[in-house]
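This report describes selected features of one model for a reader who has not met it before. The sequence and structure are shown first, and the description follows.

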Amino acid sequence: MTVLETASLTKRYGRITAVNELNLSIPSGEVFGLLGPNGSGKTTTLGMVLGVIRPTLGNFTWFDGISGSSARKKVGAILEQPIFYPHLSGAQNLKIAAKIKEKGLDRIDEVLQFVGLGERGRDPFKNYSLGMKQRLAIASALVADPDVLILDEPTNGLDPEGIHDIRRLITEIAASGKTIILASHLLDEVQKVCSEYAVLQSGKCIHKGNVAADLAGNGGWELASEDLDALQAALSETSFVKGIKPTDNAFLVQIDPSISGSEINKSMMDKGLILSQLAERRNTLEEKFLELLKSQS
Ligand SMILES: Nc1ncnc2c1ncn2[C@@H]1O[C@H](COP(=O)(O)OP(=O)(O)OP(=O)(O)O)[C@@H](O)[C@H]1O
């Protein structure tokens, strides 16, 4: 099932085109990443599909064509920090959120537990760390048991542990069968938690892809030995070597994908060279992104 489909979705603010003819198709059960630098149109896109910002042109449909409030009820979103009462506990704040959303109170303990606030749910909100506040925000969206959760830059401002907690939570929510739409300017965030993604630049979608597929393939091998000149000479006369690029005290070597690390090692040993470094390099979204930007200019 398609959770969200946008067709030529466009928003103009005077001369600024914040979102420019965006066509997205977000499948159910995925963590979908909307990746782009600040000002690329991510928040405006989310605002439009949530019915908060009126599109200038184009349209969108939720859940294969269901529109209006019945669709909206199945979508939970955290676009900005929700307002919580500082003197009330996490649990009390969630009760208020549940009442506003006309939901029962039976899920509150379960949701608090799920976001890792089971122990701290009775503490006042004002004593929470930023990471705990963000987890409570996610809990407040989950109280209504939405099918889709929309998160805008969910790890902004958090320390490494807080970032890790939120990313793990996102993966757990997705594993429970919900679709997540995540806007982020962080390449490694999208790489770590998303399956499908679209890249926005100045309101335009410049790439759509599957994270695993885009990272597949060999990023090359990093090879080094004490005598780099001898290594270079040996590599250049080796048939499975397809390219050699010097890096800091090593070479980034493109090697026939059918060749294993031990075969590389053995071949260099046969030529009298002992490798001090032999590491397969994984592709990253950062490289993919830089490639994309280069092809744009
Ligand atoms: N209400 C508004 N009036 C005028 N221009 C706006 C308005 N809202 C957004 N913009 C402009 O639209 C463009 C896209 O902004 P948007 O906030 O959607 O980007 P973003 O990718 O979410 O960035 P950030 O991560 O910084 O929030 C920017 O140039 C922004 O200045």
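Two strands pair if DSSP finds at least two bridges between them; helices (H or I, at least four residues) and strands (E, at least two) are DSSP runs, numbered from the N terminus. The model is predicted: local features need pLDDT of at least 70, side-chain atom pairs count only at pLDDT 80 or more, and totals for chains, interfaces and linings use all residues. Residues are numbered from 1 along each chain as its sequence is written.

Strand β10 pairs in the antiparallel sense with two strands, as tabulated.

| Strand | Partner | Bridges |
|---|---|---|
| β10 (residues 221-225) | β12 (residues 250-255) | three |
| β10 | β13 (residues 275-280) | five |

Within β10, E222 stands opposite L252 of β12, while S225 has L275 of β13 as its bridge partner.

The shell around the ligand (residues whose C-beta atom, placed from the backbone, lies within 6 Å of it) includes Y13, N38, K42 and H185. Helix α1 (42-49) and strand β2 (16-27) each supply at least two residues of this shell, and α1 gives the most, with three.

Helices α5 (residues 130-142) and α6 (residues 160-175) have axes, lines fitted to C-alpha atoms over the stretch in contact, that come within 9 Å and cross at roughly 15 degrees. The two helices are therefore roughly parallel to each other, a term for angles under 35 degrees. Among the residues that meet (C-beta atoms, placed from the backbone, within 7 Å) are L130 and I138 in α5 and I166 and L169 in α6.

Conventions. Axes fitted to C-alpha atoms, helices over the stretch in contact; angles between N-to-C directions. Parallel < 35°, antiparallel > 145°, perpendicular 65-115°, else oblique. Contact = placed C-beta atoms within 7 Å.
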